[in-house]
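Q: Hi! I'm new to this one, could you walk me through it?

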Amino acid sequence: MDSASFQFVAFGLAVALVSNISRSRGWRSTVLMIASVVFLGLLAHDPILFFPLAGFLALGYAARLLLERGWSKLLVWSLLAVILVYIWLKRYVFLPAGIFLHSPYFTVGLSYIFFRVLHLLIETGDEDGKRHVGPGAYLLYTLNFTTLVSGPIQRYDEFARDQFAVQPIELGPRVIGLQLERIIRGFFKVNVLAMLFNMVWADALAQMPEALPASAKMLAAIELLVVYPLFLYANFSGYIDIVIGLARLMRVRLPENFDRPFSATSFLDFWNRWHITLSTWLKTYVYNPLLLALMRRISSVAAQPFLGVFCFFVTFFLVGVWHGRTSEFLVFGVLLGLGVSVNKLWQVGMAGVLGRKGYKALTKNPFYTAFSRGLTFTWFAATNPLFWGDWEQLHSLFASLSGAHWFLVWLAIWFCASVVLALWEATRGALLSIRTLEGPVLTSRYARVVYASALGLAALVITVLLNQPAPGIVYKAF
Amino acid sequence: MTLPGSNELKELKEARIPRRDWILLPLIGLLTICLLAGATELIATLRFPRYKGHVEDCLVLDQPARGARGIPNCRCWGGVVEGSRVEYKFNRCGDRSELDCDTKEPGTYRIVAIGASQAFGYGVASEETFDDLLPLEISQRLGRKVELYNDAMARYGTSHAVSLRFKETLATHPDLILWMLSTHDVASEPITADGAKGASGAVSMAAVSGKTGGSHAGIWEQIKAEFVGRSIPDAVRELSGRTRTVPFLENLLYRDRKRYVRNFMMGGVDAQLLKSQFSAESEKKVEQFDRDTADIEAQSAAAGVPFVAVLLPNRAQAVMISMGEWPAGSDPYKLGERLRSIVTRGGGIFIDLQPYYRSIPNPERGYFSVDGHLNSEGNAMVARMMATEMTSGVIPALKAAGQAQPAFEKGK
C-alpha cells in the first residue's frame, strides 16, 4: 500500500467515493481521518510501532500550542527540538548508534510530516500567522494518507482552504475524467515506464565491472547516468500524479510537484520544476530568512548578488542532505549547492559583462538554450550516483573507467541531451500547435481518452497479467 | 504532453460536456484498447511466430498406467515460444534418439539418459542438445567411443513416469543410467489414471497441452470450462498466456535477472522447492520422489547398471547462485542437498552442477527467458560441465587421466 500499486489506487478511489456521499466538511474530514488511520494500519499492523511517530506528532502539537498561547520566544527552541528528534528518529549516521531506539518502529512519511510540523510552528511563531489548529485538524493535516508517503508538501492554509470549506470545490464529470486520466498516467509512469528505465539502469550497472572494451563501458556509463534521472522522474512524478488525482476526487487540491523538469534551461530553473514543494519550502523558510538576515548585516550593494549565491548554496546543500542519512548525501548536497550557486554566479557574471539586456538576449538564443538545457540535465544526472550508491559502489563504478573516459562520457551526455531535449521541445511545440477552437488537439478530451485507454491497458497488462509487483517509490525512503 | 493542473480552472468553468460525448468517449476508449491489443498481438506474433504442430503430436498420453511415451518412428514439429521451430524425430522404440534401442555397437560405452523435458532436449534441435554434445565431449576426453541414448520424455517425465518406463529403459542396453533432473521434475504432479493431474490438479491433460475446449463446444461452454475450478485472475492469466503478447512482454521484462527471480519466487510449484523451508505439499512431493528413486535405483542395481542423477538448476536457481544473493526465505541449494541424500542413500551417484554457476556471470543466457528450458547455449554449457564431472573419477569406467577434482567435491 505504500507504493503506486493497484491496491493503493483502488483504496484511494474507494475513499474518494465514500467521501463524496456528503459535501459536509464534517463528513469529508471523518472519512479522511478514518481512511488515513486504516492506511497506517495497512502499512504496519502492530500499534507499538507507531509510538515514536505519535511522540513526534505530540511534540509538534505541544510546541504549536505553546506558541499559540504567546510563548513566541520558544519558537527557536521548539524548532530545534523538532529537528533534533527528527534526526534521532531517522537515525542519522553521524550520531552515536548507542542513542538510537533499538526496537523497530514506523518511519514511513516522517520526513514529510517533519516539514508540515515545522511549517506549522514557523507560521504560528510569526505574529501575523496565529490561528488555532485543533488536534483533529492537526492530525488530519499531518497524517493525510494522500500526502503521507512521499508528499507533496502542502501548506496548512491550502489544505484547510479545501478540506474545511463549507462549500467544497466542484467535482463535475469533466474534472473526474481529468483526474482519472491523471491517475492512469501516473500509474503507467510508475509501473511501466519507471520499471523499464530501472531495467536498463540495472543492466548498465551490471556491465560496468565486466571486462568489456572501453567503448562498450562508456556506452554503459552513459546509459547508467542518463537513465536514472528518467527513472526517478517517472517513479516520483507518477506517484504524485496518482495522489494529486485521488485528492482532487476528494475535493482537495494538492500542490504540483513537477513541471517538466527536463525542459529547464538552468539548474536554478530545474529546481523550480523538480520536487517543487520541497524547494519552495526551503526557499521560504531557509533561503529568504537567511538572505534577509545577511542583507541586514552586510549593507554593501556590490556584495548583495553574492549573498544570494551563498544563500542558494546553503539552501540546496540542505535539499541534498535531507535526502539521506549518510555521508554520501553530504556530498550530494554540496554538488546540488554548487550547481545552483555556480549557476547564480554565472548569471551575475554574464549580466555584468553583457548587461542585463544582453544577457536576456543571450538566454533567448536557441543554441544557448539547448546547450544550457543539456548541461542542466547532465549536471543533475552526474550527481545522481550519490543518490543511489554507497562509497564502495561509487568507487568501483568510477574505477571502471579512466578520468579521460569519464570526461568523454560527460561530454557525450551533454551533447546528446542538448540535441534530444531540443528535438523533444520542438516536437512538443509543433504537436501542441495543432489546435481546434477548444484548444490543442492533443490535450482535448478525445485525445486524453485515447492515451488514457492505451496507457491503462499497458499498465494493466504489466501489473495484472504478468503479475508484476508495483515498484517501490524511491522518495518514500527519505 | 500536458501542463499539470494548468487546465483545471478552465475545466471547472466548463461544467457540462456535450451529450454525444457520453457515448463517444467510451467508444473511443474501447476502440483504442482493441486496436492497441490487436497491434501488440500482431507485433508479438511476428516476433514469436506460431508454429503448427506440437511435440504432443508424437506422444501417447492416454495410458497413464504406462506413462507417457513416444509414437514409434514419428516425426513432428514444435518448439518453445521464443525459440525456432524444432523437429522431433522418434526412433522405432518411440524415443528421441538416432540410436537403436535394441542393439549397440560392441566396445561402445552407452549412457542412457532418462528424465523429462530438459533431458529430452525440448525446444532445441537434436544436434544441439547435451544428449548429442555430451558423448562427443566425453569421447574426446577419454579417447574411446561413448554414446548417449535419449530415453527421456518431454513434459510428462516426472519421477513417477520415469519409474513406470524404467523396465524399457533397462532394455536399451545401458552401461550407465543418467537421470537429468530439474526442479520441475520433482515439483510436477504425476499423471493419474483418469488422465488428469494428481491431487490438486484441476488442470486436465488437454489443458496442459494447450488443447482445451472441443471444437464442437460453443464459445460459452469454452469460457465456462476456462473459469471452472480457478480464480478469475488465474483464468485470465491462463487465457492471456495463450496470446503472443504476454510471452513477448515477459521476454522483455525477464531480461532483468533480479525481476525474474523475484517473479519466479512469487508463485508456482517449482518456486516452492527453492524455499529455505519446504511446505507440507513440497515435502509430499519430495517423498514421492524418494519412493520413485528407490524403485529406480533398486531396478538399476539388480541389473548391475551404475546409476547417476544430476540436478540441472532452473533459470531462477542459476541466477541466484550466480549473483550470490536470493530473496529472503529462498535457498537455491536446499533442493540439491535433499536430492543428494535421497540418491546416495539408494547407492546412486549424485552430481551437483550448481557450484559451477557461481563463476558464470550471466547463466540466464543459457535458458529461454519465458519458457525456462535450456536453449542451445545452455545445452552446450551443461554438456561441458557434465563431461568434466563424469570423467573426474566419480564414475570409474569414465575416469580420464589427469582430471581436476570435480566441483561438487570442493563443497559449496
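Here is a short chat about the two chains, their cores and a few individual residues.

Q: What kind of model is this, and how are things numbered?
A: This is a predicted model, where local features need pLDDT of at least 70 and side-chain atom pairs count only at pLDDT 80 or more, while totals for chains, interfaces and linings use all residues. Residues are numbered from 1 along each chain as its sequence is written, chains are lettered from A and ligands numbered from 1 in the order in which they are written, and side-chain values use heavy atoms, with hydrogens and water left out.

Q: Cool. What is the secondary structure of chain A?
A: Chain A has 19 helices and two strands. Helices (H or I, at least four residues) and strands (E, at least two) are DSSP runs, numbered from the N terminus.

Q: And why is chain A called as compact as a globular protein of that length?
A: Its radius of gyration is 24 Å, close to the 23 Å that the globule rule gives for 478 residues, so chain A is as compact as a globular protein of that length. The radius is taken over C-alpha atoms, and the rule is 2.2 Å times the number of residues to the power 0.38. Along its principal axes, the C-alpha trace of chain A spans about 60 × 60 × 55 Å.

Q: How much of chain A is buried?
A: Buried residues are 51% of the 478 in chain A. Buried means under 20% relative accessible area, exposed over 50%, and partly exposed in between (1.4 Å probe, protein chains only).

Q: What about chain B?
A: Chain B has 16 helices and nine strands, and 50% of its 412 residues are buried.

Q: What are the surfaces made of?
A: For chain A the accessible surface is about 20900 Å², with 71% belonging to carbon and sulfur atoms. Chain B exposes about 18800 Å², and carbon and sulfur supply 57% of that. These areas come from the Shrake-Rupley method with a 1.4 Å probe; for residues, only the protein chains shown count as cover.

Q: Let's go inside. Which residues touch the most other members of the largest nonpolar core?
A: Those are A:F56, A:F145, A:W271 and A:W274, in a core of 146 residues. Helix 10 (residues 214-249) of chain A gives the largest share of this core, 19 residues. Apart from it lies another core, of 52 residues, with B:C58, B:A154, B:Y357 and B:I360 among them. A nonpolar core is a set of buried Ala, Val, Leu, Ile, Met, Phe, Trp, Tyr and Cys residues joined through side-chain atoms within 4.5 Å.

Q: What does A:F145 touch?
A: Leaving aside neighbours within four places in sequence, the contacts of A:F145 include A:F8, A:F11, A:L32, A:F39 and A:M250. Contact means heavy atoms within 4.5 Å.

Q: Which residues of helix 8 in chain A are buried, and what covers them?
A: The buried ones are A:Y156, A:F159, A:A160, A:D162 and A:Q163. Their cover includes helix 2 (25-43), helix 5 (110-125) and helix 6 (135-143) of chain A.

Q: New topic: where is the cis peptide bond?
A: A cis bond joins A:G151 and A:P152, with omega about 5°. A:P152 sits in the loop between helix 7 (145-148) and helix 8 (156-163) of chain A. Most peptide bonds are trans.

Q: Which non-glycine residues have a positive phi?
A: A:H275 is one of them, with phi of about 40°, and B:H173 is another, with phi near 60°. A:H275 lies in the loop between helix 11 (267-270) and helix 12 (276-297) of chain A, while B:H173 lies in the loop between helix 5 (159-170) and strand 7 (176-182) of chain B.

Q: Are they buried or partly exposed?
A: A:H275 is buried, with a relative accessible area of 1%, whereas B:H173 counts as partly exposed at 35%.

Q: Last one: what does B:N362 touch?
A: Not counting residues up to four places away in sequence, B:N362 touches A:E210 and B:R257. B:N362 is in the loop between strand 9 (349-352) and helix 16 (376-394) of chain B, and counts as buried at 18% relative accessibility.
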